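User: Let's go through this one label by label. I'd like the reasoning behind each term, not just the term.

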Amino acid sequence: MIEFIVKLHPEISIKSKSVRKRQTMLLEQNLKTILLQLDPAIVVRNLYDHLTVTSPSGDDNMAMKMAEQMQCIPGIVQFAQMQSSEFSSLHDIFEQVLAVYRDQLDGKTFCVRVRRQGNHEFSSIEAERYIGGGLNQHIPTAQVRLKQPDVTVQVEIRKEKLIIVRRAYQGMGGFPLPSQGDVLSLISGGFDSAVASYLMIRKGLRTHYLFFNLGGAAHETGVRQMAFYLWQKYSLSHKVKFVSVDFAPVVTEILEKIDSGLMGVVLKRMMMRAATTVADSLNIKAVITGESVGQVASQTIANLNAIDRVTDMLILRPLVYQDKQEIIDIARAIGVEDLAKTMPEYCGVISKSPTINAVLADVNAAEARFDFSILEKVSLDAKVLDIRTVEYQAGQQVATVETEAVLPEGAVVLDVRSPEETERQPLELASHTVVELPFYKIASGFAALAQDKQYYLYCDRGVMSRLQALLLKEQGYQNVAVYKKL
């Protein structure tokens, strides 16, 4: 049997009884929604100050999948896989601990912490010394360190029952979805908007996505990938919307009517107006942006002030004080760095000499020349999709891309899954070559492959493989198709 103990984020623990009850109930439901997809026999129990997750399966691969999912569920600060058994003596306890921790302690410093309840022939301290001494003796590369060790061996002895923490994990922290409500994140597919969206998800906000399309179908496909990844990885428990607005007519009007120095500020003001319209239509009360003070010309205090004046909508900027490198570091940690690198930035190309100190009166005067019927039309024509249908939409878009279950001779299969997925469950085909090229590296890596071969893209569900096939087709590559494993 697989057993996990789940600890709540500390900010949940200090809430009032009613708030805490609601938060833990939401977390319980989110765990069930996500984990039952792995195994319908999984049981989640809410025990007020913690939760337990159990599965009748004893498969280590299942335990790994469960842990990977729980690491990405907001509201969990820590969780640990437990092992329960009987014991006959202190030496028997040591041998069971050694079996669990032998590989984990290789080349590491460690300490042993024992919690004990009941009557035994030894104290907790004596048990710690005995177990620690035995581990030190039997694992030559391990070393005892009582303060700040690499690994803490956690053991609990409850009367005749032994409980060993097999492995401890860090969770996302934050609040469970959607305890803090809904927000609309302006996503461009780059570092800033992706990280801002992630931080809001972590705060317990169900995050919907709004994309202003300035680069055509390929640009939208790439941004959908980013939004789909963030949803599937960090907010799978709840459905969200992906909204796309064709902003090319707005940009054309700005280029024709607005002075060059004010183009960037006016473009952002138009985006905020459109975002307000979309948010109101979805009954959402706040908009999220990835803006950071001073990062680009439109993000000075004066310009942000001018931008915010167009709406009464609450605008949240979780990255407002962070440096670019800090943002990139977070992007790398959450798995979106390489994907963000491939996304072009269209907002910065329309103004050659942008102002950094916009005067509101000048901005209003410039916008008086703008035909606002264009903005109204593109806002009302926004495409609103359930993000769960990205797979279907991708299938519709790449109808011209072949999908094959039987591969022709000489074909090469491109496994576009993430390295974690390919390591856990590698794709092995006896008759064909398999090349691992993660989806976020396709844009830069495909051109380096031999172009005299036919490539069949593969992923477990077929979502990323179809999206990437579409991108490659639009870039002029005709030697691509999708492989559907039988």
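Analyst: Sure, starting with strand pairing: two strands pair if DSSP finds at least two bridges between them. Keep in mind that this is a predicted model.

User: What makes β2 and β3 a pair?

Analyst: Strand β2 (residues 43-46) and β3 are joined by 4 bridges, and the cut-off is at least two, so they count as paired. They run antiparallel, and Leu 51 in β3 is the bridge partner of Asn 46. The two strands form a hairpin with 3 residues between them, and Tyr 48 in that turn has a positive phi of about 75 degrees.

User: What sits over the ring of Tyr 48?

Analyst: The charged end of Arg 20, 4.4 Å from the ring centre. The distance limit for that label is 6 Å, so 4.4 Å passes that part of the test.

User: Which other strand pairs with β3?

Analyst: Strand β1 (residues 2-8), antiparallel and over 6 bridges. Phe 4 has Val 53 as its bridge partner in β3. Strand β3 (residues 50-55) is mostly covered, with 5 of its 6 residues buried.

User: Phe 4 and Val 53 again, then. Where else do they show up?

Analyst: In the largest nonpolar core, which has 77 residues. Phe 4 and Val 53 are among those with the most contacts inside it, as is Met 70. Beyond its neighbours within four places in sequence, Met 70 is in contact with residues including Phe 4, Leu 31, Val 53 and Phe 79. There's also a second, separate core of 37 residues, and Phe 247 and Val 363 are among its members.

User: How many aromatic pairs are there, and why is the one between Phe 79 and Tyr 169 called stacked?

Analyst: The structure holds 12 aromatic pairs. For Phe 79 and Tyr 169, the centres are 4.9 Å apart and the planes differ by 10 degrees. Centres within 6.5 Å make a pair and planes under 30 degrees apart make it stacked, so both tests are met. Phe 79 is in strand β4 (residues 76-86) and Tyr 169 is in strand β8 (residues 161-170), so the pair ties together parts 90 residues apart in sequence. Phe 4 joins these two in one aromatic cluster.

User: Why does Tyr 169 count as buried?

Analyst: Its relative accessibility is 17%, and buried means under 20%, so Tyr 169 qualifies. Phe 79 is buried too, at 2%.

User: What makes Tyr 198 and Tyr 234 edge-to-face?

Analyst: Their centres are 5.0 Å apart with planes at 70 degrees; the label needs over 60, so it applies. Tyr 198 sits in helix α6 (residues 191-202) and Tyr 234 in helix α7 (residues 216-234), 36 residues apart. Tyr 198 has a relative accessible area of 12% and Tyr 234 has 6%, so each is buried under the 20% limit.

User: Over to the open sheet of 6 strands. Why are β13 and β14 said to stand at the edges?

Analyst: The order is β13-β12-β9-β10-β11-β14, with mixed pairing. β13 (314-316) and β14 (383-386) each have a single partner strand, so one side of each lacks a neighbour in the sheet. From one strand to the next the twist averages 25 degrees. Inside the sheet, β9 (residues 182-186) and β12 (residues 286-288) pair in the parallel sense over 2 bridges; the minimum is two, so that just makes it. Leu 184 stands opposite Val 287 in β12.

Notes
Residues numbered from 1 in each chain as written. Predicted model: local features only at pLDDT ≥ 70, side-chain atom pairs only at ≥ 80, totals over all residues. Heavy atoms only, no water. Axes fitted to C-alpha atoms, helices over the stretch in contact; angles between N-to-C directions. Phe/Tyr/Trp six-rings, centres within 6.5 Å; stacked < 30°, edge-to-face > 60°. Buried < 20%, exposed > 50% of the residue type's maximum accessible area, 1.4 Å probe, protein only. Lys NZ or Arg CZ within 6 Å of the ring centre and 35° of its normal. Core = buried A, V, L, I, M, F, W, Y, C linked by side-chain atoms within 4.5 Å. Contact = heavy atoms within 4.5 Å.
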